[in-house]
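Morning, everyone. I have one structure to walk through today. Please have it up on your screens.

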Amino acid sequence: MSNQLLKGKKGIIFGALDEKSIAWKTALACHAQGAEIVLSNAPIALRMGEINKLSEQINAPVIGADVTNMDDLKNLFTESMKHFGGGIDFILHSIGMSLNLRKGKSYTELDYGFNQKTFDISAMSLHRVLRTAWDMDALNEWGSVVALSYIAAQRVFPDYNEMADAKALLESVTRSFGYHYGVKKKVRINTISQSPTRTTAGSGVKGFDGFVNYAEKMSPLGNASGEDCANYCVTLFSDMTKMVTMQNLFHDGGFSFTGVTQAVIEQMEK
Ligand SMILES: NC(=O)c1ccc[n+]([C@@H]2O[C@H](COP(=O)([O-])OP(=O)(O)OC[C@H]3O[C@@H](n4cnc5c(N)ncnc54)[C@H](O)[C@@H]3O)[C@@H](O)[C@H]2O)c1
């Protein structure tokens, strides 16, 4: 059901790789709520071509940008503002990549070159996006920026590896830039800390299925799906949440505040 919560709003959505992507589902949800959208992803992801399906479905142009490249980001914002005929109301940063995880390196044997790249793609890219918008004065007053995080930023999930540190940095950039952009232009910046979700990035984590099942049993409401996350993003982009900023918002069916559940106790007693 659409309440047209985002009618008249214009946004950039980063990170729709395929139908499983949280960004893909968010783009659909924002479109259904009346928003106009520009889609962006890394040039290598665009070559897969999947994103063109989404582009047609929601009538949104695709503009490539590697989020570690400031020229790409400047071009993205320039072209997006041309397309919209003005400023931008919301941004979804739905980007993550761990080179050490990909190369099978454990946390105790990190390659620091890979590690820097991981931080740049997964965390400092939020700073780069915000800095580009800031320099170009691209975001409208009361604009809203959301990035996606995971509870490994606060608690240890050993196989999440260096991504835990990347998410901690991402959440810190959210607070720090959230202060400056709030004062300058009433722009709000938050992270959503999402349940484990079966996507390309998610499935790259070792033992992911066990992870998902454990979280399901440890959450009073069960795991939050990608669609649920998309709907939460819509609320954060809408004017109904205008005073929420610099927060890490758990969207995990209650997992983050649950010590143990009956389901886990029963499992342990087997
Ligand atoms: N899936 C989960 O379990 C889960 C849980 C919590 C948080 N998250 C976070 O949600 C976000 C989206 O991930 P997803 O699960 O939808 O997976 P996904 O693989 O569909 O999305 C990750 C995206 O990052 C993009 N990307 C990678 N390098 C890039 C670069 N240099 N420039 C631009 N884009 C680049 C990829 O092309 C891809 O579209 C990530 O930040 C992820 O860490 C995922």
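**One tryptophan, then the whole chain**

Let's start with W24. You'll find W24 in helix α1, which covers residues 22-32. Keep in mind that this is a predicted model.

Is W24 buried or exposed? Count the C-beta atoms around it: 26 others lie within 10 Å. The cut-off for buried is 20 or more. So W24 is buried.

Who does W24 touch? Skip the neighbours within four places in sequence, and the contacts are A16, D18, E19 and L54. For a sense of distance, take Y112, which sits 88 residues from W24 along the chain. The C-alpha atoms of those two are 31 Å apart.

Now look at A16 from its own side. With neighbours within four places again left out, A16 contacts S21, A23, W24, A27, L39, N41, I51 and L54. So which residues have the most contacts inside the largest nonpolar core? A16 is one of them, and the others are I13, A27, L39 and C233. That core holds 65 residues. Its biggest contributor is helix α7, residues 163-185, which puts in seven. The general background is that nonpolar side chains tend to be buried together in soluble globular proteins.

Next, the ligand. How many residues surround the ligand? The count is 26. The closest are S21, G96, T199, A201 and G202. Three elements each give two or more residues to this shell: α1, β4 at 139-149, and α8 at 200-203. We met α1 already, as the helix with W24 in it. The largest share is from α8, with three residues. By class, the shell has 13 nonpolar residues, 12 polar and one charged.

Let's zoom out to the full chain. There are 11 helices and six strands. The radius of gyration is 18 Å, and the globule rule for 270 residues also gives 18 Å, so the chain is as compact as a globular protein of that length. Along the principal axes, the C-alpha atoms fill a box of roughly 60 × 45 × 40 Å.

How much of the chain counts as buried? Of the 270 residues, 44% do. And the contacts? Take those with a separation of 6 or more: 73% of them link residues 24 or more positions apart.

To recap, W24 is buried, W24 touches A16, and A16 is among the best-connected residues of the 65-residue core. That's it from me.

How values were computed. Residues are numbered from 1 along each chain as its sequence is written. This is a predicted model: local features need pLDDT of at least 70, side-chain atom pairs count only at pLDDT 80 or more; totals for chains, interfaces and linings use all residues. Helices (H or I, at least four residues) and strands (E, at least two) are DSSP runs, numbered from the N terminus. A residue is buried if 20 or more other C-beta atoms lie within 10 Å of its own, exposed if 12 or fewer, and partly exposed in between; C-beta atoms are placed from the backbone. Two residues are in contact if their C-beta atoms, placed from the backbone, lie within 7 Å. The radius of gyration is taken over C-alpha atoms; the globule rule is 2.2 Å times the number of residues to the power 0.38. A residue is near a molecule or strand if its C-beta atom, placed from the backbone, lies within 6 Å of it. Ala, Val, Leu, Ile, Met, Phe, Trp, Tyr, Cys and Pro count as nonpolar, Asp, Glu, Lys and Arg as charged, and the others, Gly among them, as polar. A nonpolar core is a set of buried Ala, Val, Leu, Ile, Met, Phe, Trp, Tyr and Cys residues joined through C-beta atoms within 7 Å.
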